[in-house]
Amino acid sequence: MRRVVVTGVGVISSLGTGTEKTWEALLKGETGIKLIESFDTEDLPVKMAGVVDDFNPEDFGIDKKELKKLARFSQFGIAASKMALEDSGLVINEENAERIGVIVSSGIGGLEVLEEQYNSMLEKGPKRVSAFTIPAMIANMSSGNISIYLGAKGPNKTIVTACAAGSHSVGDAFELIKHGRADVMVAGGTEACISKFCIAGFNNMTALSKNSENYKKSSRPFTIDRDGFVMGEGAGVVILEEYESAKARGAKIYAEMIGYRETGDAHHMTAPASGERAGAVRAIKMALDEAGVDPTEVDYINAHGTSTPTNDKVETAAIKTVFGEHAYNLAVSSTKGATGHCLGGAGGIEAVFLALAIKNGVMPPTINYENADPECDLNYVPNVPVKKDIRVGMSNSLGFGGHNAVIAMKKVD
């Protein structure tokens, strides 16, 4: 089997457009959660989200006339992929294009296009629905458009597994390279569905925090007073590359991908399964087995950590089940207090954060951690980052439908 390394990263988040801007803000303990201004929230109990407010698609070579063809999630995906590719120093040309693929996924796709065009049909009739509606809104167009903009002609697909989609994408891309079906993969997740319809839907199923009065602290993973997640938007993309090729061209290496596993809960539409054979437990164990590392070698986990009452308790229990006493020695943090929960984009963004944490030897904090929950009793890197050499790190993603994806990376000596 071939070794796989991360050689480039790109991020767009509510903390800022660009990897450096986002990473610096994350380590400073800042949050990108703000009051929604793009639509009227007067009749909604939820008035905040992790909104990206500094993104200009033209900065990434997306022409104004193309915007009507590209939903916001596709724009984010293209931009983050271009950042990651530039960061990697890799040039896609006729010689290598067919060995370079794209898996950048979304959980929901171009929802804002669907809403806009559906309303147009109701108000003006079916003939007024844009011919670009379908190719703009369908979720696979993140990967499709990225391949067009980059010229990557290798494996190309989108994985729709709700909040696990980004991690599934990184993991599947890893497997493609490991088994020789590609040499380089552009992988991650992207999401942009902050709309009145989407907020109302998640709110009415009681998934969202209603702490609008203190919105900057509304996402507070693992605390006793957490009351739901805060929706975010953005994209995170990594360039995965076969190790010998990356080494030969002198590429900067952030970390080595060493493990990935996926499971299904077969339990509930929205609630994660608990217990010793729960999907999250099995996914973590199998990712460790594939990585060939002892659980005691794991120093850091970027948790799914949504700030919902059930998820954080169940994820904490899963970590303790797998790691035993070592669960109290390793560090666990959720970065969603800073970014919000970016749904299908979350796993991609958090894969970037994991690679940066390993490369820079620093564990990002769980912000807004003020009131501890006795059932969540691990080291959650509260409020400030911790410098530490990370031997092995992991990232968990758990999605509606019982989808679980876990990836593992290690430091490259």
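User: What radius of gyration does the protein have, and what would a compact globule have?

Analyst: The protein comes in at 20 Å, and a compact globule with 413 residues would be near 22 Å, so the two agree. Keep in mind that this is a predicted model.

User: Noted. What box do the C-alpha atoms fill?

Analyst: Roughly 65 × 55 × 40 Å, taken along the principal axes.

User: And how many helices and strands?

Analyst: There are 12 helices and 14 strands in the protein.

User: What share of the residues is buried?

Analyst: Buried residues make up 61% of the 413. As for contacts with a separation of 6 or more, 79% of them come from residues 24 or more positions apart.

User: Let's go inside, then. Which residues have the most contacts in the largest nonpolar core?

Analyst: V6, V238, L240, M257 and M409, in a core of 47 residues. Helix 12, residues 346-360, gives the largest share of this core, with 10 residues.

User: Pick M409. What is M409 in contact with, leaving aside its neighbours within four places in sequence?

Analyst: Its partners include V6 and M257, which are also on that list of residues with the most contacts in the core. M409 is in contact with A351, L354, A355 and I358 as well, and among the others are A255, E256, I258 and R391.

User: What other core lies apart from it?

Analyst: One of 32 residues; F73, A80, V104 and V184 are among them.

User: F73 rings a bell. Where is S106, which is in contact with F73?

Analyst: S106 is in the loop between strand 5 (100-105) and helix 3 (111-124). With a relative accessible area of 0%, S106 is buried. Besides F73, the contacts of S106 beyond its neighbours within four places in sequence include A139, T158, V160, E191 and G344. The C-alpha atoms of S106 and M141 are 9.2 Å apart, with the two positions 35 residues apart along the chain.

User: Switching to rings. How many aromatic pairs turn up in the whole structure?

Analyst: Seven. Take F202 and F229: that pair is edge-to-face, 5.5 Å centre to centre, with 75 degrees between the planes. F202 is in helix 7 (residues 196-204) and F229 is in the loop between helix 7 and strand 7 (234-242), so the pair links distant parts of the chain, 27 residues apart.

User: Are those two rings buried or exposed?

Analyst: F202 is buried, at 12% relative accessible area, and F229 counts as buried at 4%.

User: What about F202 and F400, how are their planes set?

Analyst: F202 and F400 form a tilted pair, 6.3 Å centre to centre and 40 degrees between the planes. That pair also links distant parts of the chain: F400 is in the loop between strand 13 (392-399) and strand 14 (403-410), 198 residues from F202. F400 counts as partly exposed, with 28% relative accessibility.

User: Which residues form an aromatic cluster?

Analyst: F55, F60 and F76 form one.

User: And which residue lies over the face of Y243?

Analyst: R3 does, at 4.0 Å from the ring centre.

User: Cysteines next. How many disulfides are there?

Analyst: Zero. For C342, the nearest cysteine sulfur is that of C193, 9.2 Å away. C342 counts as buried, at 1% relative accessibility.

User: Why is C376 not bonded to C163?

Analyst: Because their sulfurs are 18 Å apart, which is too far for a bond, and C163 has the closest cysteine sulfur to C376. C376 also counts as buried, at 1% relative accessibility.

User: Last topic, backbone. Where does A266 sit, and what is its phi?

Analyst: A266 has a positive phi of about 50 degrees although it is not a glycine. It is found in the loop between strand 8 (255-264) and helix 9 (279-291).

User: V381 has a positive phi too. Is V381 buried or exposed, and what about A266?

Analyst: V381 counts as buried, at 1% relative accessibility, whereas A266 is exposed, at 88%. The phi of V381 is about 50 degrees, although V381 is not a glycine, and V381 is placed in the loop between strand 11 (362-363) and strand 12 (386-387).

Key. Residues numbered from 1 in each chain as written. Predicted model: local features only at pLDDT ≥ 70, side-chain atom pairs only at ≥ 80, totals over all residues. Heavy atoms only, no water. Phe/Tyr/Trp six-rings, centres within 6.5 Å; stacked < 30°, edge-to-face > 60°. Helix = DSSP H or I, 4+ residues; strand = E, 2+ residues; numbered from the N terminus. Buried < 20%, exposed > 50% of the residue type's maximum accessible area, 1.4 Å probe, protein only. Lys NZ or Arg CZ within 6 Å of the ring centre and 35° of its normal. Core = buried A, V, L, I, M, F, W, Y, C linked by side-chain atoms within 4.5 Å. Contact = heavy atoms within 4.5 Å. Disulfide = S-S within 2.5 Å. Rg over C-alpha atoms; globule rule 2.2 N^0.38 Å.
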